[in-house]
Every structure is written in structure tokens, then in C-alpha cells.
Amino acid sequence: MYDSIEHLMEHFKTVENKPINIHPIFQEVTMDIISRIALGQNGSNLFKNPYIDYAKKIIGNSTDKFNNNLAQIIPSLKPIIRWLTFWLRIDSNDAHTLHINLFKEVLKRKNERDAMKENKTGLDDKKLVDFIDLFLDAEVPEQKHSDTMGVLDKRNLKISKELSVTEIVGQCFIFLLAGYDTTANSLSFVCYELIKNPKTLQKLVEEIDDHLFDSDSEDLSYEKINEMKYLDSVIKESLRLHPVAASAVTRLCMETTEIGEKEKIQIEKGTNITIDVLTINYSEKLWGPEPEKFNPDR
């Protein structure tokens, strides 16, 4: 992945001492890296990735945002909104096109692997393994599942890792969409907070330099990054102030339940529950004085 970052740094040199919107740049970077990890893309396609335009249109669809917000405000309208979106084709064809392209990619990879297995060559020697490879290793024929939702009983729950081709495409689709924009948002907010807090930035730079100096290589390994405690604190503090997809922390109550110790609260079956992440993340009781300020040392 180093060449993707090298291309990014080369791009930054062209806009040195100029104000830039860093978010779309990080979108390009995250899409490039995810395409390599998940879809087996060879080399860097930074600023020329074929999936980026589809993903941007899907994520930035104003109609979808309005529908999602309306469904959260009035949960009882969610089935109606889904029905209208499907039958009136309110959503664009970008999601469908991206899904088809991913299906072709998975099918192409499956045919290549089948040919290797038949010829008994190449498969075991393959060095680069991506998510499609891992999913195909767990492939099974299509299975039918019940659409009826019941109470989840974890006592005798057994999870099978086996996936059908359709499920593999679905996993890649979600990984591509859910990963690229959320990561770009997080990186953008980290940069925003660091620029606003130069002392924190300097402390972080010193930690990174120390680890590079102690290393035999100029490249940072996964293990080395995990050793950077202050970097971890900076990222977590940024996520606290700017949580990613905070409104997605929702659950549907499957059985009438009573919670609480001193004050009992009864939640009726079928109730949609949303966690107030922002209130928790900005609580002075939990985070100490001035919780609205960026402070990785807290």
C-alpha cells in the first residue's frame, strides 16, 4: 500500500501552501486502498479509480438522506419509504451498476480459481490474497433462508462461515461503501483537529519520528503503528468529538423488555431504539471538564 501513500504525498506537493478540501482526497485514498484489499486491484489507481464516482453518488444521494432522516424521525413510515423507493425507482441506478460490476469481478475471479484448480497450478502459489479470495474459499451453493424474524437465541447458536456467490458480492458491496466514506470522514476530522491544535500535532510527529528512528526500516509496520499510544489517543479523541455514523446505532426490540435498576423502564416489542451517541460523547460526567475540546490526554 506504500505506493498509494507515495502518490498521495506527491499530490500534496502540488498544492503546497494552498488551501484545499482534504475530504475528497481522502475519499480517493480510502477507495484506492479498499479496492486493493477487498477487490484485488493491482497497483495504485489513485484519482482514477473506476468505483469512486459510483460510490460518491450513492453516499451523496440527497433523496436517500431525506428518506433515512424521515424514517428515523417517524419509524412507522420506514416500510412505506422502502416500498416507494423500490417501486418508484427514487434511488439512482448507481448502486445497481456498482453491484453488477462487483458481481462480474467476483465471477471472473471464481472462473480463474476454478481453472487453476482444474489445472492444479497457480492457486497455492498466489501471494496476494484479498477478501474475494477469502470469501471464495468459504463458498457454498445458494441456500434459501426464512424471511421470518424471531428472537435471537445465542445459547445454541452456530455460525457458518460459508457464503454463496451472491453473498460474497453483497459483502464486497457493503465493505466498499461502508469503508471508504467513513474512513475518509475520520481522517479528515483528525487532520482538522491537528491543524487547530499545533502542540498536539508536534507531539504526534515526535512519536512517529521516534518509532521510525528505532526501526530498521523507514516503512511503518502494522505492529509499529499499534505501539503508538499517542496516535491511538488522537484518533479516539477525534472519533469522540466527530463519531462516524452515530445515527446508525439502532436496534429493534424483539421482546417486551424491562431495563434499569433504580428506575424501571419498559420497552415494548417492536420499538425502534436509537442510542444518543453525541450526548454520551460530550458528557462532562464521563469525559471531565470541557468535553467539547479536543484533548487526547484526557
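A residue is called buried here when its relative accessible area is under 20%, and exposed when that figure is over 50%, with partly exposed in between. With that in hand, here are some notes on this predicted model.

1. **Helix α3.** Three residues of helix α3, which runs over residues 52-59, are buried: I52, A55 and I58. They sit on the same side of α3, because the arc they cover around the axis is only 130°.

2. **The overall picture.** The protein has 13 helices and four strands. It is built from 298 residues, and 29% of them count as buried. Among contacts with a separation of 6 or more, 63% join residues that are 24 or more positions apart. The accessible surface comes to about 21,000 Å², and carbon and sulfur atoms account for 57% of it.

3. **The largest pocket.** You may want to look at this one on screen. Its volume is about 2,000 Å³. The lining is made up of 38 residues, and those nearest the centre of the pocket are I5, L8, F26, L187 and I225. Which helices supply at least two residues each to this lining? They are α1 (2-14), α2 (22-39), α8, α9 (198-214), α10 (222-226) and α11 (229-241).

4. **E193 in helix α8.** Helix α8 spans residues 165-196, and E193 is part of it. Is this glutamate buried or exposed? With a relative accessible area of 4%, E193 falls under the 20% cut-off and so counts as buried. Setting aside neighbours within four places in sequence, E193 touches S238, L241, H242 and F294. The last of these, F294, is 101 residues away from E193 in sequence, yet the two C-alpha atoms are 7.0 Å apart.

5. **E167, also in α8.** Helix α8 holds a second glutamate for your list, E167. E167 has a relative accessibility of 32%, so it is partly exposed. From E167 to F135 the C-alpha to C-alpha distance is 9.0 Å, with their positions 32 residues apart in sequence.

6. **T200 in helix α9.** T200 belongs to helix α9. Its relative accessible area is 11%, which makes T200 a buried residue. Beyond neighbours within four places in sequence, T200 is in contact with L194, Y230, V234, F294 and P296. F294 thus turns up as a partner of T200 and of E193 as well.

7. **K203, also in α9.** Helix α9 contains K203 too. Where T200 is buried at 11%, K203 is partly exposed at 39% relative accessibility. Which residues does K203 contact once neighbours within four places in sequence are left aside? They are Y230 and D297. K203 and Y230 are 27 residues apart along the chain, and their C-alpha atoms are separated by 8.2 Å. Y230 is also in the contact list of T200.

8. **Cysteines.** If you are preparing the model for a calculation, the disulfide count is worth having: it comes to zero. As a reminder, a disulfide is a covalent bond between the sulfur atoms of two cysteines. C172 is buried, since its relative accessible area is 2%. C191, by contrast, has a relative accessible area of 27% and is therefore partly exposed.

9. **Positive phi values.** Two residues deserve a glance in a backbone check. N17 is not a glycine, but its phi is positive, at about 65°. This asparagine lies in the loop between α1 and α2, and N17 is exposed because its relative accessible area is 78%. E290 is likewise not a glycine, and its phi is positive at about 50°. E290 is placed in the segment after α13, a helix covering 284-287. Its relative accessibility of 43% makes E290 partly exposed.

10. **I265 in strand β3.** To finish with a strand, I265 is found in β3, which covers residues 265-267. How much of I265 is accessible? The relative accessible area is 45%, so I265 is partly exposed. Apart from neighbours within four places in sequence, the contacts of I265 are T257, E258 and I259.

Note on methods:
Residues are numbered from 1 along each chain as its sequence is written. This is a predicted model: local features need pLDDT of at least 70, side-chain atom pairs count only at pLDDT 80 or more; totals for chains, interfaces and linings use all residues. Side-chain values use heavy atoms; hydrogens and water are left out. Buried means under 20% relative accessible area, exposed over 50%, partly exposed in between (1.4 Å probe, protein chains only). Contact means heavy atoms within 4.5 Å. The arc is that of the directions from the helix axis to the C-beta atoms. A disulfide is a pair of cysteine sulfur atoms within 2.5 Å. Accessible areas come from the Shrake-Rupley method with a 1.4 Å probe; for residues, only the protein chains shown count as cover. On a 1 Å grid over the protein atoms alone, a cavity is a set of points where a 1.4 Å probe fits but cannot get out, and a pocket is an open set with protein on both sides within 12 Å along at least five of seven lines; lining residues have an atom within 4 Å of a point. Grid points are joined across faces, edges and corners, and a volume is the space filled by probe spheres set on the points.
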